[in-house]
Amino acid sequence: MTAPPRTRNAAATREAILASARRAFAEHGYDGAGVREIAKGAGVTAMLINRYFGSKEQLFAEATAAAMAQPVILSRRNLDAADLSRAMAEGLVALTNPGAPVLEGFQIMFRSTSSHSAAQIGREQIEQHHLKTLTEALSGPLRAERAALALSLVAGVQIMRQMMELSPLTAADPAALADLLTPMVRSLIEAPPAPAA
């Protein structure tokens, strides 16, 4: 007697594909991660990936969005802090401490920027998630520009301290580093004073 065919759980299959894609894109970037490798990691066929996501680009967009769904620096706790600038600076230092795991979403972006398609998708996801969140938290003029510069500062520290392991940053006392970063973040987060009449 043969066993009845196994019922496929569509939601679980989709989640397994997304999880495999996130791992593959974080490790190899958009160009280096193959659909067959992603399918193998999810225990499915490459054909199923196309059925669920339509294309590698769409899978990348959804994997990136999923990786950005739980922000660390722009967590609700930090956004609600009495001193957002200090909270962001301390959060960034903690996030990039030597030995701390690199955020999956950051790895995906960092390793995929050489692809024009992936860079465009990444930009759209950052604008829809992190940039929108931070812009809405700010007041005053040039909110989007200031938010974009603050995100650039965060990404730069992540690259230099965590990915490149620049010695003065990895060896720095965390509290001293947060003290140095706070006014830099504050200059972008707080609304500039109105010009004198």
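Which residues form a nonpolar patch on the surface? I am working from a predicted model, and the patch I found there consists of M160, M164 and L166. Together these three residues have about 280 Å² of accessible area.

I then looked up M164 by itself. M164 sits in the loop between α9 (143-163) and α10 (167-170). Its relative accessible area is 55%, and the cut-off for exposed is over 50%, so I entered M164 as exposed.

**Salt bridges**

I searched the whole structure for salt bridges and got 8. I noted three of the pairs in detail, beginning with D80 and R76.

D80 pairs with R76, and their closest N and O atoms are 3.3 Å apart. I checked the accessibility of D80 and R76 and found both exposed.

D83 pairs with R186, with 3.0 Å between the closest N and O atoms. I placed D83 in the loop between α5 (76-79) and α6 (84-95), and R186 in helix α11 (residues 174-189). The two parts are 103 residues apart in sequence, so I recorded this pair as one that ties them together. D83 has 30% relative accessibility and counts as partly exposed. R186, at 26% relative accessibility, also counts as partly exposed.

E90 pairs with R86, the closest N and O atoms lying 2.8 Å apart. I located both E90 and R86 in helix α6, where they are 4 residues apart, about one turn of the helix. An α-helix has 3.6 residues a turn, so residues three or four places apart point the same way. For E90 I noted a relative accessible area of 40%, which makes it partly exposed. R86 is partly exposed as well, with a relative accessible area of 22%.

I also followed the salt bridges that share partners, and these join D83, R186 and E190 into one network.

**Helix α4**

Does the span of helix α4 agree or disagree with the length expected for its 12 residues? I took residues 56-67 at 1.5 Å a residue, which gives an expected span of 16 Å. The end C-alpha atoms of α4 are 16 Å apart, so the span agrees.

Next I listed the buried residues of α4: L59, F60, A61, A63, T64, A65 and A67. What do these buried residues pack against? I found α1 (10-32), α2 (35-42) and α3 (46-53) among their partners, along with α7 (104-112) and α8 (116-137).

Notes
Residues are numbered from 1 along each chain as its sequence is written. This is a predicted model: local features need pLDDT of at least 70, side-chain atom pairs count only at pLDDT 80 or more; totals for chains, interfaces and linings use all residues. Side-chain values use heavy atoms; hydrogens and water are left out. A salt bridge is a side-chain nitrogen of Lys or Arg within 4 Å of a carboxyl oxygen of Asp or Glu. Buried means under 20% relative accessible area, exposed over 50%, partly exposed in between (1.4 Å probe, protein chains only). Patches are made of residues with over 30% relative accessible area and no salt bridge: like charges are joined within 9 Å, nonpolar side chains (Val, Leu, Ile, Met, Phe, Trp, Tyr) within 5 Å. Accessible areas come from the Shrake-Rupley method with a 1.4 Å probe; for residues, only the protein chains shown count as cover. The expected span of a helix is 1.5 Å times one less than its number of residues. Contact means heavy atoms within 4.5 Å.
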